[in-house]
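Work through the exercises below with the sequence and the structure at hand. Each task is followed by a solution in steps.

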Amino acid sequence: NKKERKLAIRSAIAATAQKDMVQRRGHMVDEPKHLPLVVEDSVEDVKNTKTLKKILSTLGLGAEVSRVEEGRSIRAGKGKLRGRRFKQRRGPLLVVNEDRGIRRAASNIPGVDVSLVDRLNAELLAPGTHAGRLTVWSEAAFKKLEGMFPS
């Protein structure tokens with residue numbers, strides 16, 4: 001249902017701004033950090049992984065990235081025989097207005113996802129139905145988000 005889908009997306013977006021929900025989900029956020037994290041639009045132009053990792057560490061998410069990189073484990077049971085061998089933790093979600101190379105830069109960091117603001121869905125914002133994923137927004141995406149869901 002369309003109304004139900006929109007409500008789920010709105011609720012998941014609201015949960016990304018609540019620090020206690022983000023920490024309860026297992027993300028490592030520094031104490032003085034204010035959520036939601038909004039960065040300037042130049043982050044959309046990042047083209048290599050090294051630069052993106054440096055940006056994430058200056059935002060105070062270095063511990064989060066290392067937690068996710070070390071979070072790959074082998075699945076228990078027969079699922080590992082059926083093409084689902086590894087379980088990977090989910091890290092920060094980068095929401096951008098335009099993809100000008102950031103998707104390729106983030107593809108080598110396990111657990112870090114990039115999404116266009118037009119294509120946000122509840123599964124990206126609340127993986128496994130647990131709301132409160134750590135989300136980094138670009139300024140343009142945040143402004144566009146305000147117009148997407150009118151009250």
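**Exercise 1. The sheet**

How many bridges join E4 to E5, and in which sense do these strands run? Then place the strands of the sheet in order.

Solution. The model is a predicted one.

Step 1. E4 and E5 are joined by four bridges, and they run parallel. One pair of bridge partners is Leu-94 and Val-114, the latter in E5.

Step 2. Turn to E4 and E6. Their pairing is also parallel, over three bridges. Here Leu-93 stands opposite Thr-135 of E6.

Step 3. E1 and E6 run parallel and are joined by three bridges. Trp-137 in E6 is the bridge partner of Val-38, and Trp-137 is the bridge partner of Val-95 as well.

Step 4. Put the pairs together. The four strands make an open sheet in the order E1-E6-E4-E5, with parallel pairing. E1 and E5 are the edge strands, each pairing on one side only. On average, neighbouring strands are turned by 25° against each other, with direction ignored.

**Exercise 2. Two sides of a strand**

Sort the residues of E4 and of E6 by the way they point, and state whether they are buried or exposed.

Solution. Step 1. Start from a general rule: in a regular strand, side chains alternate between the two faces of the sheet.

Step 2. In E4, Leu-93 and Val-95 point one way, while Leu-94 and Val-96 point the other way. All of these are buried.

Step 3. In E6, Thr-135 and Trp-137 form one group, and Val-136 and Ser-138 point the other way. These residues are all buried too.

**Exercise 3. The nonpolar cores**

Which residues have the most contacts inside the largest nonpolar core, and which elements each supply at least two of its residues?

Solution. Step 1. A general tendency comes first: in soluble globular proteins, nonpolar side chains tend to be buried together.

Step 2. The largest nonpolar core has 23 residues. Those with the most contacts inside it are Leu-52, Leu-56, Leu-61, Leu-94, Ile-102, Leu-134 and Val-136.

Step 3. At least two residues each come from strand E1 (37–39), helix H3 (49–58), strand E4 (93–96), helix H5 (102–106) and strand E5 (113–116). H5 gives the most, with three residues.

Step 4. Take Leu-52 as an example. Leaving aside neighbours within four places in sequence, Leu-52 is in contact with Val-46, Leu-94, Ile-102, Ala-105, Ala-106 and Ile-109.

Step 5. There is a second, separate core of twelve residues, with Leu-93, Val-95, Val-117 and Leu-145 among them.

**Exercise 4. Helix H1**

Compare the expected span of H1 with the distance between its end C-alpha atoms, then find which of its residues are buried.

Solution. Step 1. H1 covers residues 2–15, which is 14 residues. At 1.5 Å a residue the helix should span 20 Å, and its end C-alpha atoms are 20 Å apart, so the two values agree.

Step 2. The buried residues in H1 are Ile-9, Ala-12, Ile-13 and Ala-15. Seen down the helix axis, the buried residues of H1 fall within an arc of 160°, so they line one face.

Step 3. Lys-3, Glu-4 and Leu-7 are exposed on the other side of H1.

Step 4. The cover over the buried residues of H1 includes helix H2 (19–24), helix H6 (122–125), strand E6 (135–138) and helix H7 (139–148).

**Exercise 5. Helix H7**

What do the buried residues of H7 pack against?

Solution. Step 1. Ala-140, Ala-141 and Leu-145 are the buried residues of H7. Viewed down the axis of H7, they lie within an arc of 140°, so they line one face of the helix.

Step 2. They pack against H1, E4 and E6. On the other side of H7, Lys-143, Glu-146 and Gly-147 are exposed.

**Exercise 6. A loop residue**

Where is Gln-88 placed, and why does it count as partly exposed?

Solution. Step 1. Gln-88 lies in the loop between strand E3 (86–87) and E4.

Step 2. Gln-88 counts as partly exposed because its relative accessibility is 33%; the class lies between the cut-offs of 20% and 50%.

Step 3. Not counting residues up to four places away in sequence, Gln-88 touches Val-68, Gly-71, Arg-72, Pro-110 and Gly-111.

Notes. Residues are numbered from 1 along each chain as its sequence is written. This is a predicted model: local features need pLDDT of at least 70, side-chain atom pairs count only at pLDDT 80 or more; totals for chains, interfaces and linings use all residues. Side-chain values use heavy atoms; hydrogens and water are left out. The expected span of a helix is 1.5 Å times one less than its number of residues. Buried means under 20% relative accessible area, exposed over 50%, partly exposed in between (1.4 Å probe, protein chains only). The arc is that of the directions from the helix axis to the C-beta atoms. Contact means heavy atoms within 4.5 Å. A nonpolar core is a set of buried Ala, Val, Leu, Ile, Met, Phe, Trp, Tyr and Cys residues joined through side-chain atoms within 4.5 Å. Two strands pair if DSSP finds at least two bridges between them. Axes are lines fitted to C-alpha atoms, for helices over the stretch in contact, and angles run from 0 to 180 degrees between N-to-C directions.
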